[in-house]
Amino acid sequence: MTMIYLDIIAGIISIALAVLLHLRRSQSWQLSLPPGPKKRFLIGNLKDMPTSFEWETYHRWGKEHDSDIIHLDVVGTSIIVLNSLEATSDLLDKRSSIYSSRAHLSMVRELMGWDFLVGLMPYGNDWRAHRRLCQQTLNAKAALHFHPQVLDATRELLRRLLDRPEDFMTHLRYMAARVIMSITYGIDILPDGDPFVAVAEDAMHTVGLAVVPGTFLVDFLPILKYVPEWFPGAGFQRTAKEWKVLARRMVDIPYGETIRQIADGSYKPSFTSSNLDRIGAEQDMACQQRIIKNTAGTMYAAGSDTTVSAFATFILGALFNPEAQRKGQAEIDRVLHQERLPTFDDQESMPYVTAIVKEVLRWKNVTPIAIPHLLEIDDVYKGYRLPAGSVVVPNTWAILHDEVAYPDPFSFNPDRFMKNGRLDLTVKDPTIVAFGYGRRICPGRHLAYASVWITVASILAVFDITKAVDENGMIIEPSDKVYTGLVCLPEPFKCSIKPRSKEAEDYILSSEQ
Ligand code: HEM
């Protein structure tokens, strides 16, 4: 008898909950969507969508509609842009259980074969298994183990800058790639023309172009993925086919090399070798290998261009603000007395260097729209209806160029983070948003931050960075433009990098020991 009563009560509760949910949903459907540019019949905002520097357009739309949250519709795909820290924090951080998936991205994930990339995986168990591996290797404590490798790579960077300063971009790329390839695969790459790096760079270029929302219509109309290659207008299919080969090579080739080295006993311990070694007899071997291989491929893809972009932004910032460079050098000289090169232990005593790093991550921020998230269930925010399935674009660029938080936001000015010779903690730290949001926040941020900090400190300690001069003795003004894409990199620029003194040169050369 009691069991029957319990069943009836459970039934009534279930029905009541279902009715409540239905009522909530229908109430929220009466609310309006956030404001945004006028939508056209069927295609919505397709024709308005910017394909380059979209963060600037999104920011302008926000101002025009006097709202930090705007809504767009592209052929039925709902897009929500968040233009303020308040909105990203309220939704992506505080409600991250429903804002942590990713858009379907038919072009990149299905047609171009980038379904291995952790950063693009939908929220769920498979993503969790991959993310766990990233976290185990890259969390704040684990990242400390990489400091010696990063320091070695920085010292080599100094020597290479001394030798061929005009090739500084090549050296910065080498430094970032060297650290990640060694951590991930235990592979020592060649300084110039490394085949593993070449394979990865080719693939990376393609994905950078393809992930920007609005570039390929197939992302908004997934049915187009069934259009055959020969069909007029199906050029994206041919492009995807070519780019898929590059993606596979990027994942397979370095992983294959580690397997080869493990087999002949010549391997160096790395993310890949340690995790393969850890696979238990009770685990599904093929499944675990797939997760390790995907995660390894992701580490290079996610960590190389991003870090290089921050390095290059530092060099550019030093050109745009020579006074900041001098202040950084004066601080370093005060701490090191020009007797040694910086180490990670110097961080506490070099607040101005830290201010430069914060400004680097703010000024030409590496990932202006992070990686857009996806909202999984209907939500309501500031009285607006946010539909399930919306792509949610955090406008990190707008947040980091907000003139209230950062007056004169387009100038490179590390002093904005300083007060009375110390870091001013009342100024918003750009790292709060520069590495993304909520459950999808960049797991490589500790390693990335450490690499940028020690590189900035080491270069400032021994080099002067000045504008280059042409054959007629005229100063070459550097461009402050960046390439558009998911990861923004400064456009090529020239500069002069010279040792600050004979002693500085000696320190660089002796750093090999
Ligand atoms: C200055 C350097 C870097 C910047 C600015 C950066 C920034 C970001 C951003 C904005 C995201 C997206 C977060 C979101 O969806 O909200 C991300 C994701 C990711 N980053 Fe980084 N990153 C950097 C370096 C690295 C490094 C060195 C690694 C690894 C070695 C790495 C690994 C990843 C991974 C695996 C993801 C995907 C996380 C996920 O979707 O769950 N990143 N990063």
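Okay, quick one before we start: when I say polar contact, I mean a pair of N or O atoms within 3.5 Å. Keep that in your heads for the ligand. And a reminder that what we have here is a predicted model.

So, the ligand. Look at the side chain of arginine 102: one of its N or O atoms sits 2.8 Å from an oxygen atom of the ligand. Since the cut-off is 3.5 Å, that pair counts as a polar contact. Arginine 131 gives us another one, again with a side-chain N or O atom and a ligand oxygen, at 2.8 Å. Then there's tryptophan 127, where the side-chain N or O atom is 2.9 Å from an oxygen of the ligand.

Now zoom out a bit. How many residues surround the ligand? There are 27, and the closest are Arg102, Arg131, His373, Arg440 and Cys442. If you sort that shell by class, you get 15 nonpolar, 9 polar and 3 charged residues.

Which helix gives the most to the shell? That would be α12, with 6 residues. Helix α5 is in there too: α5 and α12 each supply at least two residues.

Okay, let's stay with those two helices. α5 covers residues 125-138 and α12 covers residues 285-320. Their axes come within 10 Å and cross at roughly 60°, so the two are oblique to each other. If you care about handedness, α5 passes α12 in a right-handed crossing.

Who touches whom? From α5 you have Asp126, Ala129, His130, Leu133, Cys134, Thr137 and Leu138. On the α12 side, they meet Arg290, Ile291, Ile292, Asn294, Thr295 and Met299. By class, that contact comes out as 7 nonpolar, 4 polar and 2 charged residues.

Last bit: α12 has another partner, helix α9, which is residues 195-210. Is α9 roughly parallel or roughly perpendicular to α12? The two pack at an angle of about 85°, with their axes 11 Å apart. That makes α9 roughly perpendicular to α12. The class count for this contact is 5 nonpolar, 1 polar and 2 charged residues.

On α9, the residues to click on are Val197, Ala200, Glu201 and Met204. Across from them, in α12, are Tyr300, Ala301, Ser304 and Asp305.

So, to wrap up with α12: that helix meets α5, meets α9, and gives the most to the shell around the ligand. Okay, that's me done.

Methods: Residues are numbered from 1 along each chain as its sequence is written. This is a predicted model: local features need pLDDT of at least 70, side-chain atom pairs count only at pLDDT 80 or more; totals for chains, interfaces and linings use all residues. Side-chain values use heavy atoms; hydrogens and water are left out. Axes are lines fitted to C-alpha atoms, for helices over the stretch in contact, and angles run from 0 to 180 degrees between N-to-C directions. Helices (H or I, at least four residues) and strands (E, at least two) are DSSP runs, numbered from the N terminus. Angles under 35 degrees count as roughly parallel, over 145 as roughly antiparallel, 65 to 115 as roughly perpendicular and the rest as oblique. A crossing is left-handed if the near helix is turned anticlockwise from the far one by less than a right angle, and right-handed if clockwise. Contact means heavy atoms within 4.5 Å. Ala, Val, Leu, Ile, Met, Phe, Trp, Tyr, Cys and Pro count as nonpolar, Asp, Glu, Lys and Arg as charged, and the others, Gly among them, as polar. A residue is near a molecule or strand if one of its heavy atoms lies within 4 Å of it. A polar contact is a pair of N or O atoms within 3.5 Å; within protein, one must be able to donate a hydrogen and the other to accept it, and residues adjacent in sequence count only if both atoms are side-chain atoms.
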